[in-house]
Amino acid sequence: MAPEGSRIQDDPDVKVMMAGSTLRKVKSRSWKKQRHFRLLEDGMTIWYKSRWAGRSHSTFSVTDVEMVREGHQSEVLLSTAEEFPAELCFTLVFHGRQGNVDLVADSPEEAQAWIQGLRKLIHKAQTMDEKERQDQWVRDWFQKADKNKDGKMTFKEVRTLLKMMNVEMNEEHALHLFTMADQSESGSLEIEQFVHFYKILTQRDEVWKVFQDYSGDGEKLMLDELESFLRMEQQEGEQSAQHAQDLIDCYEPSESAKKQGAMSLDGFQMYLCSRHGSIFKPEHCDLYQDMSQPLSHYFISSSHNTYLLENQLRGQSSLEAYIQALKRGCRCVEVDCWDGSDGEPVVYHGHTLTSKILFKDVISTLREYAFKTSDFPVILSLENHCSVEQQTVMAEHLRQILGDTLLTTLLNGQVPQQLPSPQELKGKILLKAKKIGGLEVCPDEILTDEVSDEEEMADGDVESPSPECLNRNDKKSKLSRQLSDLVVYCKSVHFHGFDHARLHAKCYEMSSFSESKAKRLAKEAGTDFVQYNTRQLTRIFPSGLRTDSSNYNPQDMWNMGCQIGIPSLPPPPPPARRLEVSVRYRTSPSQLGEFDRTSHGFKLVLPALVALNFQTAGLEMDLNDGLFRQNNCCGYVLKPDFMRDSNTQFSPEKPEERHNYRPLRLSIQVISGQQLPKVNQKEGSIVDPLVRVEIYGVPQEQAKDETSHINNNGFNPLWNETLNFIIHTPELALVRFVVEDYDKTSRNDFIGQFTLPFICMQAGYRHIHLLSKDGTAIPPASIFVNVSITELT
């Protein structure tokens, strides 16, 4: 290990981990088994096995662990609280969709050693620079391939390892490099020698050529040469001079080069692979937008059926699903409430086989996690199916558990003419639900605790009646006054048309539209819809009549200025998969659907609920993550100025008619790829990668184009192909880069993707660090591109 690694290994907690401990792994109240855990010598790999498992074992990397929770901070450990005291318990939370691991130690001291030791190792992994991260990745592969654990690799073992790493190369060349790295001439490489071998192997000609274009002597870039590169290629303009010096200070590994005010090829490559060389503008990663405008002026990261971890038919309702959504910056969560058998309201997907969780536990989870990722307000969207009695219980829980966090009164006591801002509402939870009456005091008005079906349709639509509407004969539903009083700025109302809204709508009234109705309104009155959304909050939900499996795109809703846009699920699997469809698809709230007999067995016919489920990977979640990646991932993105002006004439169908219309040409030269992961684990299989660039925005600019595929090279494929696009509304466009493994006989396999707003894109030579299907990083996989943005003449 490097010196830093040696120091961390001297830590007393890490020493306990390296010595190993027997811990109970707990999966349920009935599944509790002992496993022996220990930290391997690399300081990054956790190894564990059962006493009775013979030679088989499992491992995971510290880099896979996002955090360690202490005590009873999972549903499983809470359920076993009487058996295992909190001071013995801890939970490992993994990145992405990998499930948590709940562990119980034999003593509080042992639990603390693992909790504190893991936290130190996670911090070390998170603070590595690019060079350390790359070295660690290579070391991890070495550990995986060193089957006999002798710390050495013969050339035969190295050849096998290279195939595991997706490298297909000339054997004679590989042997030549191996011999160069084998300085002891022992016929094998130790880990440090293997790291050196890998570095020789990964020297990148395409980066060297760019370096050569600006280097006077071919050895280094002097300060003025680097400044010239930043100005000419990276389009950094006047800030190039200062930035050149900052980059040398930050990324140049050679002290002698630093003293000369120069950057070596190593430093140049490190810069290009860093956040400053990323395609995403570093300054847009921070909170850079004005947060003092009305809520209706922002796109809001929103989740549908937040309580579900899996599918909407038989899936598990879980508090963990809320935690995961909130951690990803979600600012609008849904709680679907029904009467519980013991007087306590429960949350689940009504009329399905999904499991149930207590409403009060959901609210406790919300209190704890609502503001860990973002300080800005959370909207609690209540789908209320409860009796008046249990609604009153809900109101009591909301008040008691959330306390001052729940906004229950007007901010300054005044009925607003416009919604308050995210800044004014920092740290507050807002309840979105039906309400008796309004915020204005009307002495002549007689308020009842009954809400008409028309108002109730705020959470439904004539196209998609909710279950309780279908099963109710009366025209009025009862509403608890205590629950109603908690609704301030997000009152659910029925939409009566844009003309009516212009004359009568209050800024605190919020309507919901089915996807199909929203699309129809967008076609018929696009400008009216955009104007409406400058004043009101709008929620889009999927049409209950959608009986096919087609998708709709959240971008269509963002183009209208809808703040709470809800996209759909991926396309269906082939019918031969039989009932696997029940795992993939969402039901409408109104019914489960029917089973039809087919030649393949049975097919479940569902009204597919197209929704942004934070637990579901795919294009729609990529677009959502891409839009909200900016502005410190706070869950709020300021809409463009032409979508905040109440007199705007913008229509996404006619972008050329807006004031200051200036279309841009986007040219992307796809140069190369680096260390793309294998998707087919068959021995000897190497990927045939291609890159596709997709543009999402107003209808005119929706486009995609792709490179040719490269045969048998996931290690360092070279494309050098340019793809061109016209961007009509830069402020709304999203750009998605997708890398796939080409297959001529079937659908291409997904390798990785990265999505970002066009306005966050940096021009010049840039690396795009790829993300997995569930949105987590897959280092060191990347693609190298040259981006050019010019005005269309």
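Two strands count as paired here if DSSP finds at least two bridges between them. Keep that in mind for the panels below, which come from a predicted model.

**Panel A. An open sheet of 7 strands with antiparallel pairing.**
Reading across the sheet, the strand order is S4-S3-S2-S1-S7-S6-S5. At the edges sit S4 (58-61) and S5 (65-70), each pairing on one side only. Ignore direction, and neighbouring strands of this sheet are turned by 35 degrees against each other on average. Look at the S1 and S7 pair for a sample: S1 (residues 21-26) and S7 (residues 101-104) run antiparallel and share 3 bridges. Within that pair, Lys25 sits opposite Leu103 of S7.

**Panel B. Helices H2 and H4 against the strands.**
Here are the helices that go with the sheet of Panel A. H4 (residues 108-126) packs on S1 and S7's sheet, where it touches S1, S2, S3, S5 and S6 (89-94). The direction of H4 makes about 150 degrees with that of S5. H2 (residues 12-19) lies across S1, S2 (32-39) and S3 (45-49). Relative to S2, H2 runs at about 120 degrees.

**Panel C. Helix H9 meets helix H13.**
H9 (residues 205-214) and H13 (residues 265-272) pack with their axes 10 Å apart, at an angle of about 110 degrees. Since angles from 65 to 115 degrees count as roughly perpendicular, that is the label for H9 against H13. The crossing of H9 over H13 is right-handed. On the H9 side, the contact comes from Val207, Trp208, Val210 and Phe211. H13 answers with Leu265, Phe268, Gln269 and Leu272.

**Panel D. Strand S16, covered on both faces.**
How many of the residues of S16 (residues 378-384) are buried? The count is 7 of 7. One side carries Val378, Leu380, Leu382 and Asn384, the other Ile379, Ser381 and Glu383, and all of these are buried. S16 has parallel partners: S13 (residues 332-338) joins it over 6 bridges, and S17 (residues 429-433) over 4 bridges. To find your way around, spot Cys332 opposite Ile379 of S16, then Ser381 opposite Lys432 of S17. Between S16 and S17 the chain passes through H17 (residues 388-402), in a right-handed β-α-β crossover.

**Panel E. Strand S21 between its parallel partners S20 and S22.**
S21 (residues 509-514) is mostly covered, with 6 of its 6 residues buried. Glu509, Ser511 and Phe513 are on one side and Met510, Ser512 and Ser514 on the other. S20 (residues 490-492) runs parallel to S21 and is joined to it by 2 bridges, and Ser492 has Met510 of S21 as its bridge partner. The chain gets from S20 to S21 by way of H21 (residues 498-504), a right-handed β-α-β crossover. S21 also pairs with S22 in the parallel sense, over 4 bridges. S21, H22 (residues 515-535) and S22 form a right-handed β-α-β unit.

**Panel F. A closer look at Thr538 in strand S22.**
Is Thr538 buried or exposed? Buried counts as under 20% relative accessible area, and Thr538 comes in at 0% relative accessibility, so it counts as buried. Thr538 belongs to S22 (residues 538-541), and it faces Ser511 of S21 across the strand pair. Setting aside neighbours within four places in sequence, Thr538 is in contact with Ser511, Phe513, Phe529, Tyr532, Asn533, Cys562, Gln563 and Ile564.

**Panel G. Arg736 and its contacts.**
Arg736 is part of S30 (residues 734-741). Its relative accessibility is 8%, so this arginine counts as buried. Which residues does Arg736 contact, beyond neighbours within four places in sequence? They are Leu619, Asp622, Arg692, Val693, Glu694, Tyr696, Phe750, Gln753, Phe754 and Thr755. Take Leu619 from that list: Arg736 and Leu619 are 117 residues apart in sequence, while their C-alpha atoms are 9.1 Å apart in space.

Definitions and conventions:
Residues numbered from 1 in each chain as written. Predicted model: local features only at pLDDT ≥ 70, side-chain atom pairs only at ≥ 80, totals over all residues. Heavy atoms only, no water. Buried < 20%, exposed > 50% of the residue type's maximum accessible area, 1.4 Å probe, protein only. Right-handed = clockwise from strand over helix to strand, strands pointing away. Contact = heavy atoms within 4.5 Å. Axes fitted to C-alpha atoms, helices over the stretch in contact; angles between N-to-C directions. Parallel < 35°, antiparallel > 145°, perpendicular 65-115°, else oblique. Left-handed = near helix turned anticlockwise from the far one by under 90°.
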